[in-house]
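Please open the model in your viewer and keep a selection tool at hand. The stops below are meant to be taken in order.

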Amino acid sequence: MGCQDDLVIAKVCDLYDKISRLETLKPSKDANTLFTQLVLTCIPPSAINVSKLCRRVQEIRSNLIRLCAEAEGLLETHFSTLLGSLDHPLDHLNIFPYLANYLSLSRLEFTLLRRHHSAAQLPTRIAFVGSGPLPLTSLILATNHLPAAAFHNYDIDPTANSLASRLVSSHPDLSKRMFFHTTDIMDVFGDLKDYEVVFLAALVGMDGGEKARVVDHLAEHMAPGAILMVRSAHGARAFLYPVVDPCSLRGFEVLSVFHPSDEVINSVVIARKLAMGAHPLDHQGIGGGSGPLILPCKCSDQMQPFGCFNQLNMVEELAIDEHL
């Protein structure tokens, strides 16, 4: 890593120290200022590989991701409560300060989905795992991109689902197409085969082991050919969200990996559930071990740091830009 990356890491560690000493992570002037500084520090593209950081910084990163997750949940709860108190909540989504980011991310994900969805028609049954109290991705996709699709939103928090459902309960269209399930996705089995697309939120599975267990569960129970959209992070942005190695998606064919370089923080991995007679986790991947089927040049840059993956990423960026 270069000097600039070292400066970024030092700044992140300093901000972590300040954030961890906050009395509360609820929206406030102090919390908002520190988290804004953190995001601005992490957004610029960098060559930081968080898997190679020293143990102390690794621990700081793990703790920081959990603090960010808690703060994000509190922020969404605050604004969902506020929106739910209004007569027409969906007419006022612009009061959420990061709506533009969600609009851009949803547009990006829809573009990738449209490119790789194999059916002639767009999907009509979609699941979002980890939808939270303010399910902006589902709302934006249902309104702007997939007006005929039903969205099944899963969250383990009953309060989150209560707040989220209140946002659409009075809407003549979305109240009939948005469904909320209060359950752990690990307890969902047969219903997963009904979905053509499953979105996995970035904060479902806070570490590699938790995320892997969720992905393995989805691989076992999703329908063959169904699409999995996974949110990840790259470079310094991995101080904000967990990283998903595309090569860890056992039972899936990795179709594309996209790392944004603008204000959209999350990377996107899109994969297709393999159709096999054997158990999907028995699939023999690269090197003969259990793993995903990786299309040429579609694996992570950790495996091919200077090879065709980077060329693919440039092509993906150009192609995506044409659609945005």
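The tour goes through a helix, a surface patch and a single histidine, in what is a predicted model.

Begin by selecting residues 3-20, which form helix α1, an element of 18 residues that reaches 26 Å from its first C-alpha to its last, close to the 26 Å expected at 1.5 Å a residue. Within this selection, colour D5, V8, I9, V12, C13, L15, Y16 and I19, which are buried; because they cover an arc of only 165 degrees around the axis, they are on the same side of α1. An α-helix has 3.6 residues a turn, so residues three or four places apart point the same way. Next add α2 (29-42) and α3 (55-84) to the display, since these are the helices against which the buried residues of α1 pack. Then turn to the face of α1 that points away from its buried side, where you will find the exposed residues C3 and L7.

Now stay with helix α3 and select L82, which lies in it. L82 is partly exposed, with a relative accessible area of 38%, and if you add L86 and I95 to the selection, you will have the three residues that make a nonpolar surface patch of about 210 Å².

Finally, move to helix α4 (residues 99-116) and select H116. Is this side chain's residue, H116, buried or exposed? H116 counts as buried because its relative accessible area is 14%, under the 20% cut-off. To see what surrounds H116, show I227, L255, S256, I270 and R272, with which H116 is in contact when its neighbours within four places in sequence are left aside.

How values were computed. Residues numbered from 1 in each chain as written. Predicted model: local features only at pLDDT ≥ 70, side-chain atom pairs only at ≥ 80, totals over all residues. Heavy atoms only, no water. Helix = DSSP H or I, 4+ residues; strand = E, 2+ residues; numbered from the N terminus. Buried < 20%, exposed > 50% of the residue type's maximum accessible area, 1.4 Å probe, protein only. Contact = heavy atoms within 4.5 Å. Expected span 1.5 Å × (residues − 1). Arc of directions from axis to C-beta. Patch = residues over 30% accessible without salt bridge, like charges linked within 9 Å, V, L, I, M, F, W, Y side chains within 5 Å. Areas by Shrake-Rupley, 256 points an atom, 1.4 Å probe, with all protein chains shown as cover. Salt bridge = Lys/Arg side-chain N within 4 Å of Asp/Glu carboxyl O.
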